[in-house]
Amino acid sequence: MSDVSQPITIQVCVQRAQELEHSESARLDVELLLASVLERDRAYLYTWPEKVLTEAQVSAFEALLTARKDGRPVAHLLGEREFWGLPLAVDDSTLIPRPDTETLVEAVLALDLPDKAQVLDLGTGTGAIALALASEQPQWSVTAVDFSAAAVALAERNRQNLALTNVGIMVSNWFSQLQCRQFHLIVSNPPYIDENDPHLARGDVRFEPLSALVAENKGLADLQHIVETAREHLLPGGRLLLEHGYTQGEAVRGLLLEAGYQDIETLTDFGSNDRVTCGRYPGKPFS
């Protein structure tokens, strides 16, 4: 395919998915990269498989495919990832939003919260959770924080692109800059991977910041800190929802129980794995 003097069609490009030996979604990866080069959606690739690429398009596709073969995440190559139907800019300053995190968004939207709920998203990264909730509940007031100034800048860029006015984004190391503020709901997708987990040497996580992935105490340190400190920032009857690893459901339930939370429950993701655990701070539930 390097000989651009020969006509190169969409079909030929798509067939090169077989070169992505280490990707679990090789065909999708190639289609997304090719659609980006052609500035079309994926449906176009199926409609016009015999369409011939220009030399510039072939060169651009080759560069992206080579980068993907080197392991670079598709989201980083495209500069964007969709979450909850929202297009979010992404870069290597924070995590790439995962579909499993939509489990947390679904769980929040199923709660009985006040019409003008005060919501906090800890470790917001791209802003995915905060922006998804704000888009669904425009009457809520959502605060999103991250210790990384680069992540906050990225989340703010996404907020502006989506024109969401009910979200405030700021730099804070967990609750450090929130003083005495209290919320009806606190959510977080914190670092929860054990530093010795072999998965850290595989796939897209190799290109994401370890600070957003790894926590001490077998991945539970940040979860424990949030569980204990959130009590000072939840209104009576307020809810805490935490994303965690698929083997950590029991441990997180134990942390919540020990800290005095009630109505503790673990929810599963799209793969039926434990993914989100929630609890209610003691007090009368909101009516």
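## Strand E9 and its partners

In this predicted model, Ser188 has Leu242 of strand E9 as its bridge partner. Another residue of E9, Leu241, is the bridge partner of Val187. Strand E9 covers residues 234-243, and its pairing with E6 is parallel, over 5 bridges.

E9 also pairs with E11. These two strands run antiparallel and are joined by 5 bridges. Here Glu243 stands opposite Val276 in E11. Of the 10 residues of E9, 7 are buried, so the strand is largely enclosed by the rest of the structure.

## The whole sheet

E9 belongs to an open sheet of 7 strands. Their order is E5-E4-E3-E6-E9-E11-E10, and the pairing is mixed. Strands of a sheet pair through backbone hydrogen bonds, either parallel or antiparallel.

Which strands stand at the edges? They are E5 and E10, the latter spanning 262-268. Each has a single partner strand, so one side of each is left without a neighbour in the sheet. On average, neighbouring strands are turned by 15° against each other, direction ignored.

## Strand E3

Strand E3 takes in residues 118-122. Is it enclosed or open to the outside? Buried residues make up 4 of its 5, so E3 is largely enclosed by the rest of the structure.

E3 pairs with two strands named here. With E4 it runs parallel, joined by 5 bridges. Leu120 stands opposite Thr143 in E4. Between these strands the chain passes through H7, and this β-α-β crossover from E3 to E4 is right-handed. With E6, E3 pairs in the parallel sense over 4 bridges. Leu122 has Ser188 in E6 as its bridge partner.

## Helices on the sheet

H6 lies across four strands: E6, E9, E10 and E11. It runs at about 155° to E9. Helix H11, residues 249-258, also packs on the sheet. H11 touches E9, E10 and E11, and its direction makes about 10° with that of E11.

## Two nonpolar cores

The largest nonpolar core has 31 residues. Which of them touch the most other members? They are Val108, Leu133, Trp140, Val187 and Leu241. Several elements each supply at least two residues of this core, including helix H6 (102-109), helix H8 (149-162), strand E4 (141-146) and strand E6 (183-188). The largest share, 7 residues, comes from H7.

Val108 shows how distant parts of the sequence meet. Leaving aside neighbours within four places in sequence, Val108 is in contact with Leu133, Trp140, Leu185, Val187 and Leu241. Apart from this core lies another, of 26 residues. Phe175, Ile193, Leu213 and Leu242 are among them.

## Helix H4

Helix H4 runs over residues 55-69. Does its length agree or disagree with the expected span? At 1.5 Å a residue, its 15 residues should span 21 Å. The end C-alpha atoms are 21 Å apart, which agrees.

Buried residues of H4 are Val58, Phe61, Glu62, Leu64, Leu65, Ala67 and Arg68. The buried residues pack against three helices: H1 (10-14), H2 (26-38) and H5 (74-78). Just after H4, Gly71 takes a positive phi of about 105°.

Note on methods. Residues numbered from 1 in each chain as written. Predicted model: local features only at pLDDT ≥ 70, side-chain atom pairs only at ≥ 80, totals over all residues. Heavy atoms only, no water. Core = buried A, V, L, I, M, F, W, Y, C linked by side-chain atoms within 4.5 Å. Buried < 20%, exposed > 50% of the residue type's maximum accessible area, 1.4 Å probe, protein only. Contact = heavy atoms within 4.5 Å. Pairing = 2+ DSSP bridges. Axes fitted to C-alpha atoms, helices over the stretch in contact; angles between N-to-C directions. Right-handed = clockwise from strand over helix to strand, strands pointing away. Expected span 1.5 Å × (residues − 1).
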